[in-house]
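Biologist: Could you walk me through this model, and tell me what stands behind each label you use?

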Amino acid sequence: RFFGLMPFLQANNDSAEYRRLGFVLQLWPLIYVMGLLAAILGQLPSFFRRWALAGHTKNMDAPIAEFTVSSMLSFSTVCNYLFLGRTEFKLLANPFDTRRMATSNRAALMFTSSDFWAPVSVMEQARADGVQCELLEGIPHAMGVKASSAREVAEWLCGKLRTRK
């Protein structure tokens with residue numbers, strides 16, 4: 001059995017934001033600059049870090065937001081995250097052949113309507129190729145930062161595990 005939870009399978013070139021981010025990540029010296037800026041920000045008082053990260057943490061549960069503010073602003077963490085993204089942009093540039101999943105009839109993919117990394121267009125292609133796909137509304141790609149989202153995804157997965165042979 002294979003379950004894809006908002007799978008990042010290929011580039012989302014339909015999105016101008018995705019294309020811009022991909023371009024910036026190819027300029028590898030900028031990754032080090034962003035890591036350095038994060039490290040500097042990480043040394044500032046917590047109220048300033050909370051303010052600077054408010055846009056990123058606004059939809060997180062309080063303990064996750066606090067962890068992000070207190071622990072994620074380091075040079076190595078930010079550089080690691082951005083170089084991972086750079087690698088994903090390179091490796092996922094070509095369209096993914098979802099027909100490979102359909103042949104086994106053992107794959108199920110979950111998408112959400114607002115996911116930047118796993119857009120609905122990929123779901124539609126996978127569904128056309130015969131892969132079982134479902135669209136859950138209102139779940140962010142970072143589903144683990146909010147207990148209600150994590151619970152909804154876990155319930156979906158448990159339901160799939162109970163019904164698949």
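The conversation below goes through some labels used for this predicted model and the values behind them.

Biologist: Let's begin with helix H9. What makes its span close to the expected one?

Modeller: Helix H9 runs over residues 147-163, which is 17 residues, and reaches 24 Å from its first C-alpha to its last. At 1.5 Å a residue, 24 Å is expected, so the span fits.

Biologist: Which residues of H9 are buried, and how do you know that they are on the same side?

Modeller: The buried ones are Ser149, Val153, Trp156 and Lys160. They cover an arc of only 55° around the axis, so they sit on the same side of H9. The face turned away from that buried side carries the exposed residues Glu155 and Arg162.

Biologist: What do the buried residues of H9 pack against?

Modeller: Their partners are strand S1 (2-5), strand S2 (107-112) and strand S3 (132-136).

Biologist: Why is Lys160 called buried?

Modeller: Lys160 has 10% relative accessibility. Buried means under 20%, so Lys160 counts as buried.

Biologist: And what makes Lys160 and Glu134 a salt bridge?

Modeller: Their side chains meet at 2.4 Å, N to O. The limit is 4 Å, so the pair qualifies. The two residues link distant parts of the chain, with Glu134 in strand S3 and Lys160 in helix H9, 26 residues apart.

Biologist: Is Glu134 buried or partly exposed?

Modeller: Glu134 has a relative accessible area of 28%. That value lies between the 20% and 50% cut-offs, so Glu134 is partly exposed.

Biologist: How many salt bridges does the rule give?

Modeller: The count comes to four. One of them joins Asp61 and Lys146, whose closest N and O atoms are 3.7 Å apart. Since the limit is 4 Å, this pair counts too. Asp61 is in the loop between helix H4 (54-57) and helix H5 (62-71), while Lys146 is in the loop between S3 and H9, 85 residues apart.

Biologist: Another salt bridge joins Asp97 and Arg99. Why is Arg99 called exposed?

Modeller: Arg99 has a relative accessible area of 51%. Exposed means over 50%, so Arg99 gets that label. Asp97, at 29%, counts as partly exposed. The closest N and O atoms of this pair are 2.8 Å apart.

Biologist: Let's turn to Ala108 in strand S2. Why is Ala108 called buried?

Modeller: Ala108 has 1% relative accessibility. The cut-off for buried is under 20%, so the label follows. Leaving aside residues up to four places away in sequence, Ala108 touches Phe2, Phe3, Gly4, Gln132, Trp156 and Lys160.

Biologist: Finally, which residues make the nonpolar surface patch?

Modeller: The patch of about 960 Å² is made by Phe23, Leu27, Trp28, Leu30, Tyr32, Val33, Leu36, Leu37, Ile40 and Phe75. Helix H2 (residues 28-42) gives the most, with seven residues.

Biologist: Trp28 is found in helix H2. What makes Trp28 partly exposed?

Modeller: Trp28 has a relative accessible area of 46%. Partly exposed covers the range between 20% and 50%, so Trp28 belongs there. A patch residue needs over 30%, so Trp28 passes that cut-off as well.

Conventions
Residues are numbered from 1 along each chain as its sequence is written. This is a predicted model: local features need pLDDT of at least 70, side-chain atom pairs count only at pLDDT 80 or more; totals for chains, interfaces and linings use all residues. Side-chain values use heavy atoms; hydrogens and water are left out. Patches are made of residues with over 30% relative accessible area and no salt bridge: like charges are joined within 9 Å, nonpolar side chains (Val, Leu, Ile, Met, Phe, Trp, Tyr) within 5 Å. Accessible areas come from the Shrake-Rupley method with a 1.4 Å probe; for residues, only the protein chains shown count as cover. Helices (H or I, at least four residues) and strands (E, at least two) are DSSP runs, numbered from the N terminus. Buried means under 20% relative accessible area, exposed over 50%, partly exposed in between (1.4 Å probe, protein chains only). The arc is that of the directions from the helix axis to the C-beta atoms. Contact means heavy atoms within 4.5 Å.
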